[in-house]
Structure formats: structure tokens, C-alpha cells
Amino acid sequence: MLAAALLAFLAGCTTETTCADWVTYESAQDAYDDAALVVIGTTSDPTGTVKVLGVDVPVHPVRVEKVLKGDAPESLTVAQTPMTCGADPVPDPLAADGRVILMLANAEGVWRPLTPFTGVLEAPVGDPLPFETD
């Protein structure tokens, strides 16, 4: 009887959480092909936060050097893609030093890397692209 009462109490304590099941990309080419916007540029320190999938994440201004795919807005800001359930937080890949390739998706008007672990690549000057462009 005590177990039934405890179970009923715990059932009333549940909260609604959205858990994302992230795509695993086999290659940088697959990620490039799936991205809506791909740019080379540099990120700056966060200027605030925005909710992505119900999680507050930092938003970074991006100085775009070159657009490789899609149409970049005049003033591009990119939010971190959060882990949403059951995992330790990942470091913010947008807090990068130097030049990066950003492979981005747009959800509800917010640009973000494709997944928490795919969509930000180092791009030293002179290195070849790790994918073919259109």
C-alpha cells in the first residue's frame, strides 16, 4: 500500500521534457549536404542567450568571411545547439579561437549548428575544405 501511494506521488511529479535524437553524420560531406547555411568566419564572445529546444543557450555574433551554401543574413548570430536530455553538457563549440566552418540549421528563426557535436569545424587559412561545394 505504501509503495502504491509513493508511486502515485512520483507520477504527479513528472515534468514534460523534449529530448532530441540527433542525426549522426557519416562525413563532413553529409553534414554540408544537410545544412541550410554554410559559412567560413570567426565567432565572438556570446552577447546573450536564446531558448533552443527549451534550453537557454549562448548566442555568438559571427563575422562571415565567405558563404559556401545558402543565404547568410547581413548580421549573423548563431546559438549553441544544446544537449536536451540525459547527457552531460557539451562545451560550447562556438567559443572557438580562430577561423571556423559553420554548418547551420535554422529553427524558429534561430541559426544553430546541426547538432551539439556536428556543425563547427576548424578552418585554418590554406587548409582545403573537407567537403565538395555545389
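1. Order of elements. From the N terminus on, the protein chain runs α-α-β-β-β-β-β-β-β. That is 2 helices and 7 strands. The model is predicted.

2. Burial and surface. The protein chain has 134 residues, and buried ones make up 33% of them. The exposed area is about 8400 Å². Carbon and sulfur atoms supply 53% of that area.

3. Contacts along the sequence. Take the contacts between residues at least 6 apart in sequence. Of these, 64% join residues at least 24 apart.

4. Strands β3 and β4. Strand β3 covers residues 55-69. Strand β4 covers residues 76-79. The two run antiparallel, and 4 bridges join them. Pro61 has Thr77 of β4 as its bridge partner. The β3 and β4 hairpin has 6 residues between the strands. Gly70 in this hairpin takes a positive phi near 85°.

5. Salt bridges. How many salt bridges does the count come to? The count is 2. In one, the side chains of Lys51 and Asp56 meet, at 3.4 Å from N to O. Lys51 counts as exposed, because its relative accessibility of 54% is over the 50% cut-off.

6. The Glu65 and Arg99 pair. Glu65 forms a salt bridge with Arg99, with the closest N and O atoms 2.8 Å apart. Glu65 lies in strand β3 and Arg99 in strand β5 (residues 99-107), so the pair ties together parts that are 34 residues apart in sequence. Glu65 is partly exposed, because its relative accessible area of 44% falls between the cut-offs of 20% and 50%.

7. A buried arginine. Arg112 sits in strand β6, residues 110-113. Which side chain of opposite charge is nearest to Arg112? It is Asp34, 8.5 Å away. A salt bridge needs the two atoms within 4 Å, so Asp34 is no partner at that distance. Arg112 is buried yet has no salt bridge.

8. What Arg112 does reach. The side chain of Arg112 reaches the backbone oxygen of Leu114 at 3.0 Å. Leaving aside residues up to four places away in sequence, Arg112 touches Trp22, Val52, Val78, Ala79, Thr81, Met103, Leu104, Ala105 and Ala107. To follow this on the model, start at Arg112 in β6. Then look for the contacts, including Trp22 and Met103.

Terms used
Residues are numbered from 1 along each chain as its sequence is written. This is a predicted model: local features need pLDDT of at least 70, side-chain atom pairs count only at pLDDT 80 or more; totals for chains, interfaces and linings use all residues. Side-chain values use heavy atoms; hydrogens and water are left out. Buried means under 20% relative accessible area, exposed over 50%, partly exposed in between (1.4 Å probe, protein chains only). Contact means heavy atoms within 4.5 Å. Accessible areas come from the Shrake-Rupley method with a 1.4 Å probe; for residues, only the protein chains shown count as cover. Lys and Arg count as positive and Asp and Glu as negative; His and the chain ends are not counted. A polar contact is a pair of N or O atoms within 3.5 Å; within protein, one must be able to donate a hydrogen and the other to accept it, and residues adjacent in sequence count only if both atoms are side-chain atoms. Two strands pair if DSSP finds at least two bridges between them.
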